[in-house]
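Subject: The structure we talked about

Hi,

Here is the structure I promised to pass on. Have a look at it first, and then read my notes below with the viewer still open.

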Amino acid sequence: MVLISCSKVKPNKEIQQTINKTDSTTIKHIFNSALTNGQSYQWLDVLSNDIGGRLSGSPEAQQAVKWGEKLMKDLKFDKVWLQPIMVPHWVRGEKEEAYFTVNNTKYNVPICALGGSISTLENGISGEVIEVKGLKEAEALGEKLRGKIVFFNRPFDDTLIKTFQAYGGCVDQRYSGAMVTGKFGALGVIVRSMTNSIDTIPHTGVMSYGDIVEEEKVPTAAISTKAANLLSKKLKENPALKFYFKQSCKTLPDAPSFNVIGEIKGSEFPEKYITVGGHLDSWDLGDGAHDDGAGIVQSIEVARLLTLNGIKPKHTLRVVLFMNEENGSRGGKKYAEEAKKNNENHIAALESDSGGFTPRGFSFDANGKNKELFMSWKSLLAPYGLHDINTGGSGADISPLKNDTISLFGYRPDSQRYFDYHHTAIDTFDKVNKRELELGAASMTALVYLLDKYLE
Ligand SMILES: [Zn+2]
């Protein structure tokens, strides 16, 4: 194989063509093997259906750790180990309930507690509702929030093509709604679910009280978008209507858990690392097939597909199943902390945490010299639908590795359906398409192959 260094990213045309021919053949073989002899879908079936939702600290999360460890050992990684961490342990308790009444008509509301929230009183809480579109608007109302249920109802911007941008534009309401309003004596906080879809599915997700005192903490939950629209409409007709909700969630002491790490030793540069990963934990409502079971099985499949195609990585390849991305990111932080402590030289990392959908590309966060190199791979990746190779964020679990030299990548599949399922009871295995999942695994493998070959 032809090797070039980063400083020679623009070889003469003849050499470039030779390189690309070798690379395009190898990449084609990687895709062929993923689509005809892939394992990611079968693994996802086990992780989703046999283990299921695996929130940090739960018995299912522990089972997932054992599953990941055994699988990578069975696949004959050079080394497989567990990296201990303490994780938050929040439990949902009984199924939540909510409704509002207008002129003796009762409207049931699909609702779920947000991760990290406290419970309501045992028999629930009831109060008048103040609707707001954002944190600033809520803060400006100040004392007017006292005794009220604050309803954050800013919808996704449907004009944004990349739905993660719409999520990014709304999620502060979910994360900080309770933190911002508790100090004004609000009774509770409800938030419109984080999705473009108008349906009856509530979406959970992490929230934070920041460092506010115990007495100012209020229970918080998400309601479905359909219910949010109806509530907003009825509030205009009847501003004094009462909203009721009940939840029994609570936070237990931190629990012991693990990142699961599999390693293939590099043949030329064993002291330099390329990390590929996703997060092993998921929310509890569904089975976490897209978020992030898909990223887990794809990451493991990268190592298998390289081996299957006779590619022995020059750099040490680490597959990391990160724990606790959803409500604490303790796994990502720990991995970076240990890497730093051990003086490990991480040259690149790739994360898959955007669902198991059709490949569209990769976003990357890298220094100027490598940017040109990565852009030069566009023509190699485009035949597989990977057109969107651009600078951008990578992922929550690998971003703690960031320094002046590492190149961080996020796998970017099509995002149109991701927030239909994200953090819900319908994020389940049947929503994942086998070929789309396999194409993602192959895309990631192709990128890792190129990174391993051209980075030093
Ligand atoms: Zn995720």
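One bit of vocabulary before anything else: helices (H or I, at least four residues) and strands (E, at least two) are DSSP runs, and they are numbered from the N terminus. With that in hand, you can place Asn 343 in the loop between helix H9 (330-341) and strand E13 (345-351). Also keep in mind that this is a predicted model.

**Two loop residues with positive phi**

Asn 343 has a phi of about 55 degrees, which is positive although the residue is not a glycine. Is Asn 343 buried or exposed? Its relative accessible area is 70%, and exposed means over 50%, so Asn 343 is exposed.

Lys 76 is another non-glycine residue with a positive phi, in this case near 65 degrees. You'll find Lys 76 in the loop between H3 and E1. Lys 76 counts as exposed, at 68% relative accessibility.

**The sheet that starts with E1**

Eight strands make up an open sheet with mixed pairing, and their order is E1-E10-E12-E11-E13-E16-E14-E15. E1 and strand E15 (388-391) are the edge strands; each has a single partner, so one side of each has no neighbour in the sheet. On average, neighbouring strands here are turned by 20 degrees against each other, ignoring direction.

For a pairing to look at, try strand E14 (residues 359-365) and strand E16 (residues 407-413), which are antiparallel and share six bridges. Within that pair, Phe 362 sits opposite Tyr 411 in E16.

Two helices lie across this sheet's strands. Helix H3 (residues 59-74) crosses over E1, strand E10 (250-264) and strand E12 (315-322), and runs at about 5 degrees to E10. H8 lies across E10, strand E11 (269-279), E12 and E16, at about 145 degrees to E11.

While you're at E1 (residues 79-91), click on Lys 79, which belongs to that strand. Lys 79 is partly exposed, with a relative accessible area of 45%. Leaving out residues up to four places away in sequence, Lys 79 touches Ile 261, Gly 262 and Glu 263. Glu 271 is 192 residues from Lys 79 in sequence, and their C-alpha atoms are 15 Å apart.

**Helix H8 and its crossing with H13**

Helix H8 (residues 289-308) and helix H13 (residues 434-454) have axes that come within 8 Å and cross at roughly 55 degrees. The two helices are therefore oblique to each other, and the crossing is right-handed. Among the residues that meet there are Ala 294, Val 297 and Leu 305 in H8, and Gly 440, Ala 441 and Tyr 449 in H13.

H8 has something else to show you: the peptide bond from Asp 291 to Asp 292 is cis, with omega near 5 degrees. Asp 292 is in helix H8.

**A buried aspartate in H1**

Next, go to Asp 23 in helix H1 (residues 13-37). Asp 23 counts as buried because its relative accessibility is 0%. Which side chains make polar contacts with the side chain of Asp 23? One is the side chain of Tyr 449, at 2.6 Å, and another is that of Lys 453, also at 2.6 Å. Setting aside residues up to four places away in sequence, Asp 23 touches Leu 380, Tyr 449, Leu 450, Lys 453 and Tyr 454.

**The sheet that starts with E3**

Another open sheet has eight strands, in the order E3-E2-E9-E5-E6-E7-E8-E4, again with mixed pairing. Strand E3 (105-108) and strand E4 (111-113) are at its edges with a single partner each, so one side of each is left without a neighbour in the sheet. Neighbouring strands are turned by 30 degrees against each other on average, direction ignored.

Strand E7 (residues 188-192) runs parallel to strand E8 (residues 220-223), and four bridges join them. Ile 190 stands opposite Ala 221 in E8. Helix H6 (residues 171-181) lies across strand E6 (149-152), E7 and E8, at about 160 degrees to E7.

Finally, look at Thr 195, in the loop between E7 and E8. Thr 195 counts as buried, at 3% relative accessibility. Beyond its neighbours within four places in sequence, Thr 195 is in contact with Phe 156, His 203, Thr 225, Phe 419 and Asp 420. Its side chain reaches the backbone oxygen of Phe 419 at 2.7 Å.

Cheers

Conventions: Residues are numbered from 1 along each chain as its sequence is written. This is a predicted model: local features need pLDDT of at least 70, side-chain atom pairs count only at pLDDT 80 or more; totals for chains, interfaces and linings use all residues. Side-chain values use heavy atoms; hydrogens and water are left out. Two strands pair if DSSP finds at least two bridges between them. Axes are lines fitted to C-alpha atoms, for helices over the stretch in contact, and angles run from 0 to 180 degrees between N-to-C directions. Contact means heavy atoms within 4.5 Å. Buried means under 20% relative accessible area, exposed over 50%, partly exposed in between (1.4 Å probe, protein chains only). A polar contact is a pair of N or O atoms within 3.5 Å; within protein, one must be able to donate a hydrogen and the other to accept it, and residues adjacent in sequence count only if both atoms are side-chain atoms. Angles under 35 degrees count as roughly parallel, over 145 as roughly antiparallel, 65 to 115 as roughly perpendicular and the rest as oblique. A crossing is left-handed if the near helix is turned anticlockwise from the far one by less than a right angle, and right-handed if clockwise.
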